[in-house]
Amino acid sequence: MTTRKALDGKVALVTGASRGIGRTIAIRLGAAGARVVVNDVVFREGPEAAIEALRGVGAEAQVIQADITDAAQVQKMFQQVEAEWGSVDILVNNAGITRDGLIMRMSEEDWDAVLTVNLKGAFLCCRAAARSMIRKRWGRIINMSSVVALAGNPGQVNYGASKAGLIGMTRTLAKELASRNITVNALAPGFIDTDMVRTMSEDARQQALSRIPMGRLGTPEDVAAVVAFLATEEASYVTGQVIGVDGGIAL
Ligand SMILES: NC(=O)c1ccc[n+]([C@@H]2O[C@H](COP(=O)([O-])OP(=O)(O)OC[C@H]3O[C@@H](n4cnc5c(N)ncnc54)[C@H](O)[C@@H]3O)[C@@H](O)[C@H]2O)c1
């Protein structure tokens, strides 16, 4: 006899999931029973690697290469999922970029690029997902913000603004969609050990470590565990929240 899993029958779409936190979230949701759409704008290890990783936990997966900043590509992606598997039940807006620089040296291009991927991309995906979630009267939207949205970080005026924007979007959408049984929450991870953080200098890394009460960097698994909980039925009364996953750094 096979035991039922928490996300059996659900379709999850994770953006920016070819690597890092998104990849781990995709695997975690797959292990919990969801069929998983792995989205990214580029698959550095090829799309097969993502499919294999999901198969490894017994999950069905499909890979869709699409740029979430392009409304037409986003629409096509959601249509493709709907045609093959039915509509998306769980949307994780994870894709994100950094283009750091102190304000005097920050170009408009760097501002626009970060706001466009981190904020507009999430908006386009929320809009595309909301229609079918409203119809179904069930949905989970989880947005990947950052501790930088709450505490600020020199050199990241674009990133901090985009991640704070995501919190405003989360709270507003939570109110808009609550009556349709759709929850919308944000995570605010601290320093998570991924490629994004590995670009930091050893000095900056040590400095960061000294500020984390738990005394260690977070892992993608730490983040994925909270996403997996928010996606379940048990989290149905949690909405509009910003959940820190940061080892206490924001305290
Ligand atoms: N690593 C951390 O310490 C940390 C902390 C707080 C928040 N976050 C957030 O978590 C998320 C994942 O971070 P990560 O460390 O795994 O980063 P990462 O760079 O390893 O992964 C991000 C992925 O997003 C993809 N992406 C970029 N632009 C895209 C687009 N236009 N369309 C589709 N996909 C696109 C990239 O190709 C990449 O695979 C990001 O939103 C990041 O801001 C990370």
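**Figure 1. Polar side chains around the ligand in the predicted model.** An oxygen atom of the ligand lies 2.6 Å from an N or O atom in the side chain of Asp40, in a model that is predicted. The side chain of Arg44 also brings an N or O atom to 3.2 Å from an oxygen atom of the ligand, and for the side chain of Ser18 the corresponding distance between an N or O atom and a ligand oxygen is 3.5 Å. Taken alone, the ligand would expose 830 Å², of which the protein buries 95%.

**Figure 2. The shell of residues and the pocket that hold the ligand.** The ligand sits in the largest pocket, and 31 residues surround the ligand there, the closest being Arg19, Asp40, Asn94, Tyr159 and Thr194. Several elements of secondary structure contribute to this shell: the helices α1 (20–31), α6 (157–177) and α7 (195–198), together with the strand β2 (35–40), each supply at least two of its residues.

**Figure 3. Ser18 and Gly20, in a loop and in the helix that follows.** Ser18, whose side chain has an N or O atom 3.5 Å from a ligand oxygen, lies in the loop between β1 (11–14) and α1. With a relative accessible area of 11%, Ser18 is buried. The C-alpha atoms of Ser18 and Glu45 are 8.1 Å apart in space, although 27 residues separate the two in sequence. Gly20 lies in helix α1 and, at 27% relative accessibility, counts as partly exposed. From the C-alpha of Gly20 to that of Gly30 the distance is 16 Å, for a separation of 10 residues in sequence.

**Figure 4. Gln156 and its side-chain partner Asp100.** Gln156 has its place in the loop between α5 (147–151) and α6, the latter being one of the elements that supply at least two residues to the shell around the ligand. Gln156 counts as buried, because its relative accessibility is 10%, and its side chain is joined to that of Asp100 by a polar contact of 3.2 Å.

**Figure 5. Two cysteines without a disulfide.** A search of the whole structure finds 0 disulfides, and Cys125 is accordingly in none, the nearest cysteine sulfur being that of Cys126, 7.3 Å away. Why is the sulfur of Cys126 not bonded to that of Cys125? The closest cysteine sulfur to that of Cys126 is the one in Cys125, and because the two are 7.3 Å apart they are too far from each other for a bond, the cut-off for a disulfide being a pair of cysteine sulfur atoms within 2.5 Å. Are these cysteines buried or exposed? Cys125 is buried, with a relative accessible area of 0%, and Cys126 is also buried, with a relative accessible area of 4%.

**Figure 6. Arg137 and Asn181, two loop residues with positive phi.** Although Arg137 is not a glycine, its phi is positive, at about 55°. Arg137 is found in the loop between α4 (108–136) and β5 (139–144), where, at 46% relative accessibility, Arg137 counts as partly exposed. Asn181 is likewise not a glycine and has a positive phi, of about 65°. The loop in which Asn181 is found lies between α6 and β6 (182–189), and Asn181 counts as partly exposed because its relative accessibility is 35%.

**Figure 7. Thr116 in helix α4.** Thr116 lies in helix α4, the helix that spans residues 108–136. With a relative accessibility of 27%, Thr116 counts as partly exposed. The C-alpha atom of Thr116 is separated by 26 Å from that of Val226, a residue 110 positions away along the chain.

Notes
Residues are numbered from 1 along each chain as its sequence is written. This is a predicted model: local features need pLDDT of at least 70, side-chain atom pairs count only at pLDDT 80 or more; totals for chains, interfaces and linings use all residues. Side-chain values use heavy atoms; hydrogens and water are left out. Buried means under 20% relative accessible area, exposed over 50%, partly exposed in between (1.4 Å probe, protein chains only). A residue is near a molecule or strand if one of its heavy atoms lies within 4 Å of it. A polar contact is a pair of N or O atoms within 3.5 Å; within protein, one must be able to donate a hydrogen and the other to accept it, and residues adjacent in sequence count only if both atoms are side-chain atoms. Accessible areas come from the Shrake-Rupley method with a 1.4 Å probe; for residues, only the protein chains shown count as cover. On a 1 Å grid over the protein atoms alone, a cavity is a set of points where a 1.4 Å probe fits but cannot get out, and a pocket is an open set with protein on both sides within 12 Å along at least five of seven lines; lining residues have an atom within 4 Å of a point. A molecule sits in a cavity or pocket if more than half of its atoms lie within 2 Å of its grid points. Helices (H or I, at least four residues) and strands (E, at least two) are DSSP runs, numbered from the N terminus.
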